Amino acid sequence: MNSRQPIPVVVLAGFLGSGKTTVLNHLLAGRGGTRIGVVVNDFGSIEVDAMSVAGQVGDSMISLGGGCLCCAVDGSELDAYLEKLSAPVHRIDVIVIEASGLAEPQEMIRMLMASENPDIRYGGMVEVVDAAEFDATRARHPETDRHLAVADLVVLNKIDRVDAAERARIERELAVLCAPGTPVVGADHGRIDPELLFDRRPWTETRGQLSFEDLLAEADGHGHEGCGHAHAAYESTEFTTEQALSPRRFVDFLDRRPAGLYRIKGFVHFGVPGHDERYEVHAVGRFLRFAPGPWGRGEARVSRLVLIGSGTDGPGLLRELEACREPAPHEARPESMWCVLRYVARPEPGAEPEAEPEPEPSDEG
């Protein structure tokens, strides 16, 4: 039995010239000690994007030149690359797939969700949009609308090249094209806070284990300066309670989360009979996943959550979470957990929730 937590795999998509590689480079430069595995899916024989990031990720980058990753219909090729990156020897924390500008992200998502590799899990799809070329991109690539419809988080890049009125117009159109509640993060030069996608570890945990760690540490001033600038645009709200949470009320809160709430992470205690595990919760944009696991020896049954967003009402979020507390979880029926289990990637043995599992992404806009 594999006791490791599965590694989240984030798909970074967007059409040619939108700024995906710039976003990826910024994530790499600001990741602290987090170990990132990168799959660069270039279209064509000259791997320009791969060369662009090669200096930052070293041997943990796998480049797929000569074609789209989504063309591997059975997913076996992708599985082989992910199996290599997820090997315990690499101690990777997160994997980012930079999709080709001509890739179909729906197919990539389906391959990831159908993967039988127990060491990975789908971690959401981020679509990068060029604000300056938004209308032109949609005209050249009508499939843009379909891609936006399955995005969990949209990065509206190059906002420094449009005025406030134009940005507001694009954001209104994105609100129509994307699924309800999909957050839109503004960025210039691809600068978004890595914390929106993954946790940054202290340098001391991985320093010197891979050669590029030390190279990036030497550029500490440049990398962290950009990171600090990006982080200043977001607010972080923390919630802790020793009281169990009601699964139904908590999932209802998550389903109603505001568009400005970009990320939720932490652990939750429900205490429902038969489900006393520690449930890790991970949300990027509208993507949501729970992962049950054992409590540590002597670990207190405490729920701890961090909510990261922009323009959110911190005190209001805390009031809503406090309303999720359940004084008598031992009296709850086991079926009250069905709303949580539908967001568990691999349901627990014997769990047969009546609710349908989370639907696969649709091609419909």
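Two strands are said to pair if DSSP finds at least two bridges between them. In this predicted model, strand S2 (residues 36-40) and strand S4 (residues 94-98) are joined by five bridges and run parallel, and within this pairing Val39 stands opposite Ile97 in S4. Strand S2 is also mostly covered, since five of its five residues are buried. The cover extends to both faces of the strand, with Ile36, Val38 and Val40 buried on one side and Gly37 and Val39 buried on the other.

The protein as a whole contains 12 helices and 12 strands. Of its 365 residues, 52% count as buried, and the accessible surface comes to about 16,500 Å², of which 52% belongs to carbon and sulfur atoms. When contacts between residues at least 6 apart in sequence are considered, 78% of them join residues at least 24 apart.

The surroundings of one acidic residue, Asp188, were examined in more detail. Asp188 is placed in the loop between strand S7 (184-186) and helix H8 (211-218). Because its relative accessible area is 18% and the cut-off for a buried residue is under 20%, Asp188 counts as buried. Two polar contacts of its side chain lie with residues that follow in the chain: the side chain of His189 is reached at 3.3 Å, and the side chain of Arg191 at 2.3 Å. When residues up to four places away in sequence are not counted, Asp188 touches Asn157, Lys158, Ile159 and Asp160.

Charged pairs were then considered across the structure. Side chains of opposite charge can pair when their charged atoms come close. A search of the whole structure finds 18 salt bridges. In one of them, the side chains of Arg169 and Asp135 meet with an N to O distance of 2.7 Å. This pair links distant parts of the chain, as Arg169 belongs to helix H7 (residues 164-177) and Asp135 to helix H5 (residues 134-140), with their positions 34 residues apart in the numbering. Arg169 is partly exposed, with a relative accessible area of 21%, and Asp135 is likewise partly exposed, with a value of 42%.

Arg169 also forms a salt bridge with Glu166, in which the closest N and O atoms are 2.7 Å apart. Here both partners lie in helix H7, three residues apart, which corresponds to about one turn of the helix. Glu166 has a relative accessible area of 25% and is therefore partly exposed. Beyond these individual pairs, Asp135, Arg138, Asp145, Glu166, Arg169 and Glu173 are linked in a network of salt bridges.

A further salt bridge is found where the side chains of Arg301 and Asp276 meet, with an N to O distance of 4.0 Å. This pair, too, links distant parts of the chain, its two residues being 25 residues apart: Arg301 is in the loop between strand S11 (287-293) and strand S12 (303-309), whereas Asp276 is in the loop between strand S9 (261-269) and strand S10 (278-284). Arg301 is partly exposed, with a relative accessible area of 35%, and Asp276 is partly exposed as well, with a relative accessible area of 36%.

Methods: Residues numbered from 1 in each chain as written. Predicted model: local features only at pLDDT ≥ 70, side-chain atom pairs only at ≥ 80, totals over all residues. Heavy atoms only, no water. Helix = DSSP H or I, 4+ residues; strand = E, 2+ residues; numbered from the N terminus. Buried < 20%, exposed > 50% of the residue type's maximum accessible area, 1.4 Å probe, protein only. Contact = heavy atoms within 4.5 Å. Areas by Shrake-Rupley, 256 points an atom, 1.4 Å probe, with all protein chains shown as cover. Polar contact = N/O pair within 3.5 Å; in protein donor to acceptor, adjacent residues only side chain to side chain.
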